[in-house]
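Colleague: I would like to learn how to read a model feature by feature. Where shall we begin?

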Amino acid sequence: ADDDPELTAHVRTNYASVLYLRGELSEAEPHMRRAYRNVESTEGRLLPHTKINLGRLATQRGRFDEASRFLADLEGDTVRLFGKGSWMHGTALARLGELALAQGSRSVARDHFTRLWNDFEEAPDALASNRAAAGVGLTWLALADDDVAGAQTRAAQLVSDIERSKARGD
């Protein structure tokens, strides 16, 4: 059926996110791509969200060139549309860090994850998903650097933060 591009892009983006979080990547991807096609020529606030979703999916599937295309200019776009230090800005840094880490660009990944860990404020006793992604990324980087003690310390701190967090939702 014909799409109302704006409405169905929102619905498809959210639906695809749920499928993605359930691990149903093959089911999520067509919805992500259709949502992106519906908004790719706009400057709206949904465009970065669809690019983030597709970039993350492509990264996890090892399609790094495709992920790079979706995530190109993403930090600037999220700052312009949502503000510096916003949740979407943090999400962009998390996805950019994950891509850089997957590509073996440790210094770039470290920069993204360190900025996200250090510079994005959260409510006391709240560890949200973006900062948690930074903690996981920094733990992986410590392991990649053969810093087992540093990775153990960071992982223990991350688990402590998660356990203490009021953002857990359970």
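**Reading the model**

Modeller: Begin with Ser165, which is buried, at a relative accessible area of 8%. Keep in mind that this is a predicted model.

Colleague: Where is Ser165 found?

Modeller: In the segment after H9. Ser165 and Asn38 are 127 residues apart in sequence, and their C-alpha atoms are 37 Å apart in space.

Colleague: Give me a pair with a smaller separation to read.

Modeller: Take Tyr15 and Ala28. They are 13 residues apart in sequence, with 7.7 Å from C-alpha to C-alpha. Tyr15 belongs to helix H1, residues 5-21.

Colleague: Is Tyr15 buried, partly exposed or exposed?

Modeller: Its relative accessibility is 44%, so Tyr15 counts as partly exposed. The partly exposed class runs between 20% and 50%.

Colleague: How do I check the length of a helix? What span should H3 have?

Modeller: Count 1.5 Å a residue. H3 covers residues 46-60, which is 15 residues, so the expected span is 21 Å. The end C-alpha atoms of H3 lie 22 Å apart, in agreement.

Colleague: And how many residues of H3 are buried?

Modeller: Twelve of the 15, so H3 is largely enclosed by the rest of the structure. Among the buried ones are Leu46, Leu47, Pro48, Ile52, Leu54 and Leu57. Polar residues are on the list too, including Thr50, Lys51, Asn53 and Thr59.

Colleague: What should I expect of phi?

Modeller: Most residues other than glycine have a negative phi. Just after H3, Gly62 takes a positive phi of about 80°.

Colleague: Which residues other than glycine have a positive phi here?

Modeller: Asp73 is one of them, with phi at about 65°. Asp146 is another, with phi near 60°.

Colleague: Where do these two lie?

Modeller: In loops. Asp73 is between H4 and helix H5 (74-82). Asp146 is between H8 and helix H9 (148-164).

Colleague: Are they buried or exposed?

Modeller: Asp73 has 62% relative accessibility, so it counts as exposed. Asp146 has 68% and also counts as exposed. The cut-off for exposed is over 50%.

Colleague: Now the rings. How many aromatic pairs does a search of the whole structure find?

Modeller: One. Tyr36 and Phe70 meet edge-to-face, with 5.2 Å between centres and 90° between planes. The pair links distant parts of the chain: Tyr36 is in helix H2 (residues 25-39), Phe70 is in helix H4 (residues 64-71), and they are 34 residues apart.

Colleague: Is Phe70 buried or exposed?

Modeller: Phe70 is buried, at 10% relative accessible area. Buried means under 20%.

Colleague: What sits over the ring of Trp117?

Modeller: The charged end of Arg131, 3.8 Å from the ring centre. Arg154 lies over the face of Trp117 as well, at 5.6 Å from the ring centre.

Colleague: Last, the surface. Which residues form a nonpolar patch?

Modeller: Val136, Trp140, Leu143 and Val148. Together they have about 380 Å² of accessible area.

Colleague: Which helix gives the most to the nonpolar patch?

Modeller: Helix H8, residues 129-144, with three residues. Val136 is in H8. Its relative accessible area is 38%, so Val136 is partly exposed.

Colleague: Is there a general rule for which way helix residues point?

Modeller: An α-helix has 3.6 residues a turn, so residues three or four places apart point the same way.

Key
Residues numbered from 1 in each chain as written. Predicted model: local features only at pLDDT ≥ 70, side-chain atom pairs only at ≥ 80, totals over all residues. Heavy atoms only, no water. Helix = DSSP H or I, 4+ residues; strand = E, 2+ residues; numbered from the N terminus. Expected span 1.5 Å × (residues − 1). Buried < 20%, exposed > 50% of the residue type's maximum accessible area, 1.4 Å probe, protein only. Phe/Tyr/Trp six-rings, centres within 6.5 Å; stacked < 30°, edge-to-face > 60°. Lys NZ or Arg CZ within 6 Å of the ring centre and 35° of its normal. Patch = residues over 30% accessible without salt bridge, like charges linked within 9 Å, V, L, I, M, F, W, Y side chains within 5 Å. Areas by Shrake-Rupley, 256 points an atom, 1.4 Å probe, with all protein chains shown as cover. Salt bridge = Lys/Arg side-chain N within 4 Å of Asp/Glu carboxyl O.
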